[in-house]
Each structure stands twice: as C-alpha cells, then as structure tokens.
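Biologist: Please choose one part of this model and take me through it closely, and then follow the packing outward from there. I am new to this, so a connected account would help me more than a list.

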Amino acid sequence: MKLFCQMQGADMKPDRISFVGVLNACASVAALELVIAGYAQRGYGEEALKLFWRFLSEDVKPNQFTFVSVLSACACLAALACGRQVHGHILRTGFQFSIFVENALVDMYAKSGNTVNAQKLFDKMHERDVVSWNAMISGYAQNGCANEALQLFEKMLESGMKPNEVTFMGILSACSHVGLVEEGRQYFRSMSQQHSVTPRPSHYAIMIDILGRAGYMDEVEYFIDNAPFEPDISMWGALLGACRIHCNVELGKRAAECLFELEPHNAARYVSLSNLYATMGMWDRVAEVRKLMKDKGVRKVLGCSWIEVRNRMHVFSCIDG
C-alpha cells in the first residue's frame, strides 16, 4: 500500500498488475478509502469505480468518505447512471443524511448535467455549508445556467452564508459562459471590496476570458500587466484564446511565448498560435511554429471523447490525419 501511494504521488498511472496487487492488499475499509480517494483525486475515475464495485461484490461495507470519493469519480466522468447506482447504495446504507455525502451527491448530479435532481437534493438538505452552495452554483455555471447561478448566489448572501474563493470561481464562470461583462466586473470588484476574498490567478484568468471574448483587449492587457502576482498558465492561456478570437497577433505571440516557457511540451499552445497565424495568412510563421514543435519533440495529443452507455464508459479517439 505504501509503495502504491508513492506511485500515485509520482503521478504514474497504475497498470493491470499494480491494480490487482492493490486489490489484494486492501483488506480494510480504511485502505479501500485511501486507494479510491487517490484514484479519484488524480483523475483515474474509471479505476476508482472498478475498485469500488469489486469491493461491493465482496461484501466490504464502505463508509461515508468512500462514497464521497466514488461520487467525485462519477462527477469527473459525468457518469450519471453510475452515480445513480451509487446513490442507491447510499440510501440502503443510511449515509444520505451526512452533509459530506449530500454535498457530493449535489456535485455529482450537477456536473453530470442533471441540475434538476441536484437542486432537489440541495433544497431537501437540513443543513448547508459553503461547499453545498458552491456545488450548486458551480453546477449551474458549468451547464450554462447563468441566471440560476446568480440568483442562487443572492440567496446564499441572504441566508448569511459567507462566500469564498470557490464561490466566485462559479459566479465568474457563469458570467463568462453567457457574456455578462459588466456583471463580471462587478462581481470581481466585490470579492475584495465587499466579501474580503482575495482574487487568485484563477479568478484573473476568468476575467481575462470574459473581457477577451467581448473584445476589451486593452483591459485584458491591463489585467495581465497589473496583477499582484506573476501571471500563470491559466492567465496566459485565457489571453491567447482571446487573441485567437480577435486576431491580435502581437499580443497572442506574447502570450504564447510565455506559455512555451511555462509548459514547453503542451502541444495545444503551439497549435493555438499556429492557428492564429493561419487565420491571418501568415504561413511563414505557421511553418516556424511547426518547426519549433518538431525541434522540441512536441506532439499533438489525440482528441478524445466519451459516452456512458448501459453503465459502461466508451472512449473514442480521433487520429490526426
């Protein structure tokens, strides 16, 4: 188990042999919870679910924290049918009144696109904490329901619950998805002025996206140059995306060059800059970017998507022709 945890810490994905080994080592619920949580937190949702179903078949009784980790895996995969099955097990084991489980259920349904069920569960909660509100607000934002997200935020304030930085991630994302520029500005300013929440790079990145999509490139550049910290990958990435929309070559080149330094092997950044040049008919620069990718050994990652059919996840990949 210790070696397996070290393997996860090194961000190394287990294969079938290591998977079987850890199954045999998990003799307790605590060990089960540790491994499932590790899988879920590192994005190995399918492995987390396989492990969970295997142990249920062997009559191991999960606890509330195991259910939270499994629901997190379902949420990351948007595996709604699987999440419903887990919900059924929760009802049979009596953990449905745990606030941790309730929050995870709201998050799972919302991230899987079923905001109706998420709202019903949220409304039935006897107790709500900031995580409860954040899960529902972020769920609405993720599904493009900006009005619902903003209305719920107002209800949150009326209830006396204090928003945190995660709350504003959801609120700003809601504004971004539907182009609410002025509202986004107001919410961003209110973070520090009214709610004593210090904006982080992730909040700046969403504001850059909001402003950039609307064409306020001067204001976007001001956000980059006057941030109280060094711009990170998310901020430069949002700027590059805005430059692609509005064909701002020089600012796009600046963003791309910073991204090449921060994550030199991320092919998406090179492709974005190449596409920007191609849009402007600058084919010599397109060739330069492609040569740079070749020299650095950067290769495009295959695009993929997945769909859940009869409780099984099917993954589809496309080959770059």
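Modeller: Two residues are in contact when they have heavy atoms within 4.5 Å of each other, and that is the sense in which I shall say that one helix covers another. The model is a predicted one, and its chain holds 18 helices and two strands. Of the 321 residues, 45% count as buried, and among the contacts with a separation of 6 or more, 59% join residues 24 or more positions apart.

The part I have chosen is helix α17, residues 267–279. With 13 residues at 1.5 Å a residue, α17 should span 18 Å, and because its end C-alpha atoms are 18 Å apart, the two values agree. Its buried residues are Ala267, Arg269, Tyr270, Ser272, Leu273, Ser274, Leu276 and Tyr277, a set in which the charged residue Arg269 stands beside nonpolar ones such as Leu273. The elements that cover these buried residues include α15 (233–246), α16 (249–262) and α18 (283–296).

From α17 we can step to α15, whose 14 residues reach 20 Å from the first C-alpha to the last, close to the 20 Å expected at 1.5 Å a residue. The buried residues of α15 are Met235, Trp236, Gly237, Ala238, Leu239, Leu240, Ala242 and Cys243, and their cover includes α13, α14 (217–225), α16 and, once again, α17. After α15 comes Cys247, which has a positive phi, near 55°.

Since α13 has now appeared, the contact of α13 with α12 can be taken up next. Two packed helices are described by the angle between their axes and the distance between the axes. For α12 and α13 the angle is about 160° and the axes are 10 Å apart; an angle over 145 degrees counts as roughly antiparallel, and α12 and α13 are therefore roughly antiparallel to each other. The crossing of α12 past α13 is left-handed. On the α12 side the contact is made by Val181, Gly184, Arg185, Phe188 and Met191, and on the α13 side by His203, Tyr204, Met207, Ile210 and Leu211. Sorted by class, this contact has seven nonpolar, two polar and one charged residues.

Both α12 and α13 also pack against the buried residues of helix α11, as do α9 and α10 (146–158). Those buried residues of α11 are Thr167, Phe168, Gly170, Ile171, Leu172, Ser173, Ala174, Cys175 and Ser176. Helix α11 covers residues 165–178, and because 14 residues at 1.5 Å a residue should span 20 Å, the 21 Å between its end C-alpha atoms agrees with expectation.

Through α9 (residues 130–142) the path leads on to α8 (residues 115–124), for the axes of α8 and α9 come within 10 Å and cross at roughly 160°. By that angle, α8 and α9 are therefore roughly antiparallel to each other, and α8 passes α9 in a left-handed crossing. Here Thr115, Ala118, Gln119 and Phe122 of α8 meet Ser132, Trp133, Met136, Gly139 and Tyr140 of α9. The residues of this contact divide into five nonpolar, four polar and no charged, whereas the contact of α12 with α13 includes one charged residue.

Terms used. Residues numbered from 1 in each chain as written. Predicted model: local features only at pLDDT ≥ 70, side-chain atom pairs only at ≥ 80, totals over all residues. Heavy atoms only, no water. Axes fitted to C-alpha atoms, helices over the stretch in contact; angles between N-to-C directions. Helix = DSSP H or I, 4+ residues; strand = E, 2+ residues; numbered from the N terminus. Parallel < 35°, antiparallel > 145°, perpendicular 65-115°, else oblique. Left-handed = near helix turned anticlockwise from the far one by under 90°. Expected span 1.5 Å × (residues − 1). Buried < 20%, exposed > 50% of the residue type's maximum accessible area, 1.4 Å probe, protein only.
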